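Dear colleague,

I am passing on the structure we spoke about, and below it you will find my notes on what came out of it. Please read them with the model open beside you.

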2 protein chains.
Amino acid sequence: MPKVSESHRELRRRQILDGARRAFSAHGYFGTNVAMLEDAIGLSRGAIFNYYGSKLDLFVALYEEDRRRLVELWIEHGFEALVRHIGEDDPEWLGIYLEVGRMLRTDDALRERWRELAVETQAPVFEWYRVLRETREIRDDVPLEQLLRFIGLIVDGLVLQRGARFPVDVDGTLELVRELLAPK
Amino acid sequence: MPKVSESHRELRRRQILDGARRAFSAHGYFGTNVAMLEDAIGLSRGAIFNYYGSKLDLFVALYEEDRRRLVELWIEHGFEALVRHIGEDDPEWLGIYLEVGRMLRTDDALRERWRELAVETQAPVFEWYRVLRETREIRDDVPLEQLLRFIGLIVDGLVLQRGARFPVDVDGTLELVRELLAPK
């Protein structure tokens with residue numbers, strides 16, 4: 001295939017993801033139907049589903065993109081930047097992920113996909129903390145996995161509270177996380 | 001009103017809440033319509049809405065009941081029992097609360113109601129920790145509110161992860177919470 005075709009596909013994919021994000025943000029996952037996706041994206045359902053097989057595939061692609069961006073933020077700017085982003089920037093998408101909670105609960109295939117993505121995106125975080133541990137910047141008296149799972153709970157707690165648009169105490173949270181991570 | 005009438009009303013209320021819980025558990029909040037509620041409860045919509053004004057009122061009443069029960073468990077049996085309950089018993093309702101995340105996000109009146117209930121049910125927890133603090137069973141070097149908000153994040157993180165039916169490390173979590181709370 002000529003190169004222009006691939007870059008055309010890339011642009012189309014971007015157009016589809018951006019439009020779908022607007023539609024899901026405005027109406028929620030379950031409240032968005034195919035006609036709304038067509039409107040927001042500006043393409044026919046045939047064209048859309050040529051790139052993403054289903055509404056769920058589209059949603060998962062958005063989740064994947066967000067998840068990778070969050071992990072990047074975490075690794076490049078640190079946990080504090082991540083917490084501030086979730087706690088203060090009020091990212092629109094947060095509420096949407098809560099919506100699929102029930103789907104994850106009952107859809108084994110989706111949960112497996114979610115889990116694989118989690119493992120894949122967690123790998124660089126784990127690697128980064130392993131270095132921090134070796135350079136004695138964080139504690140090494142508890143297993144790293146236990147520590148990161150605990151931090152994961154805090155992140156998900158922030159997502160739940162901010163997703164529902166409750167205020168959170170970012171500074172108070174960070175103070176206790178810093179204490180938790182500090183070398184003993 | 002004679003006493004029998006009040007106890008009859010109480011029984012009806014119980015019947016309605018139990019049936020509604022079954023329906024919401026099976027189909028989710030958004031997937032449950034009034035006909036499904038009638039089926040699960042065994043009463044007509046007229047009778048049901050005579051006790052609870054709307055599907056949302058019913059849902060909020062269930063949430064309220066659960067929230068009070070969790071707080072009771074927390075106060076009577078401690079935080080570890082609460083975490084074990086959420087982390088290991090896999091309570092069916094967890095997934096349902098994730099579903100309303102988006103509603104809380106966009107419905108200010110509902111969010112206000114939720115917040116008032118949170119404040120009301122948190123009061124005895126706060127009181128209990130105040131005592132633990134005075135008796136030196138927990139640390140007193142950070143504000144109690146900061147500590148309880150942090151624990152609230154962990155609880156909500158557990159709810160999010162268990163609601164989606166992901167496994168959580170209950171013992172590893174408790175070990176770090178114990179350390180967090182310990183007098184310094």
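If residues up to four places away in sequence are left aside, B:Glu38 touches B:Leu43, B:Ser44, B:Arg45 and B:Ile48. Please keep in mind throughout that this is a predicted model. B:Glu38 itself sits in helix 2 of chain B, which covers residues 34-41, and one of the residues it touches, B:Arg45, places its backbone nitrogen 2.7 Å from a polar atom of the B:Glu38 side chain.

A second local feature of chain B concerns B:Thr135, which is located in the loop that lies between helix 8 (108-134) and helix 9 (144-163). Is this residue buried or exposed? Because its relative accessibility is 43%, B:Thr135 counts as partly exposed, the cut-offs being under 20% for buried and over 50% for exposed. Its side chain has a polar atom 3.2 Å from the backbone oxygen of B:Leu132.

Turning to chain A as a whole, its secondary structure consists of 10 helices and zero strands, so that, read from the N terminus, the order of elements is α-α-α-α-α-α-α-α-α-α. The C-alpha trace of chain A spans about 60 × 40 × 30 Å along its principal axes, and 49% of its 184 residues count as buried. Where contacts in chain A join residues at least 6 apart in sequence, 66% of them link residues that are at least 24 apart.

As for its surface, chain A exposes about 8900 Å², of which carbon and sulfur atoms supply 53%. Chain A carries 27 positive and 33 negative side chains, and the centres of these two sets are 3 Å apart.

Finally, there is the matter of how the chains are arranged. A turn of 180°, with a shift of 0.0 Å along the axis, lays chain A on chain B with an RMSD of 0.0 Å, and this is therefore the relation of a two-fold axis. The same surface serves both copies, since 100% of the contact residues of chain A recur in chain B. Which residue of chain A comes closest to the rotation axis? That residue is A:Gly157, whose C-alpha lies 1.9 Å from the axis.

With best wishes

Note on methods:
Residues are numbered from 1 along each chain as its sequence is written. Chains are lettered from A and ligands numbered from 1 in the order in which they are written. This is a predicted model: local features need pLDDT of at least 70, side-chain atom pairs count only at pLDDT 80 or more; totals for chains, interfaces and linings use all residues. Side-chain values use heavy atoms; hydrogens and water are left out. Helices (H or I, at least four residues) and strands (E, at least two) are DSSP runs, numbered from the N terminus. Buried means under 20% relative accessible area, exposed over 50%, partly exposed in between (1.4 Å probe, protein chains only). Contact means heavy atoms within 4.5 Å. Accessible areas come from the Shrake-Rupley method with a 1.4 Å probe; for residues, only the protein chains shown count as cover. Lys and Arg count as positive and Asp and Glu as negative; His and the chain ends are not counted. The place of a charge is taken as NZ of Lys, CZ of Arg, CG of Asp or CD of Glu. A polar contact is a pair of N or O atoms within 3.5 Å; within protein, one must be able to donate a hydrogen and the other to accept it, and residues adjacent in sequence count only if both atoms are side-chain atoms. Copies are superposed by least squares on the C-alpha atoms of residues with pLDDT of at least 70 in both.
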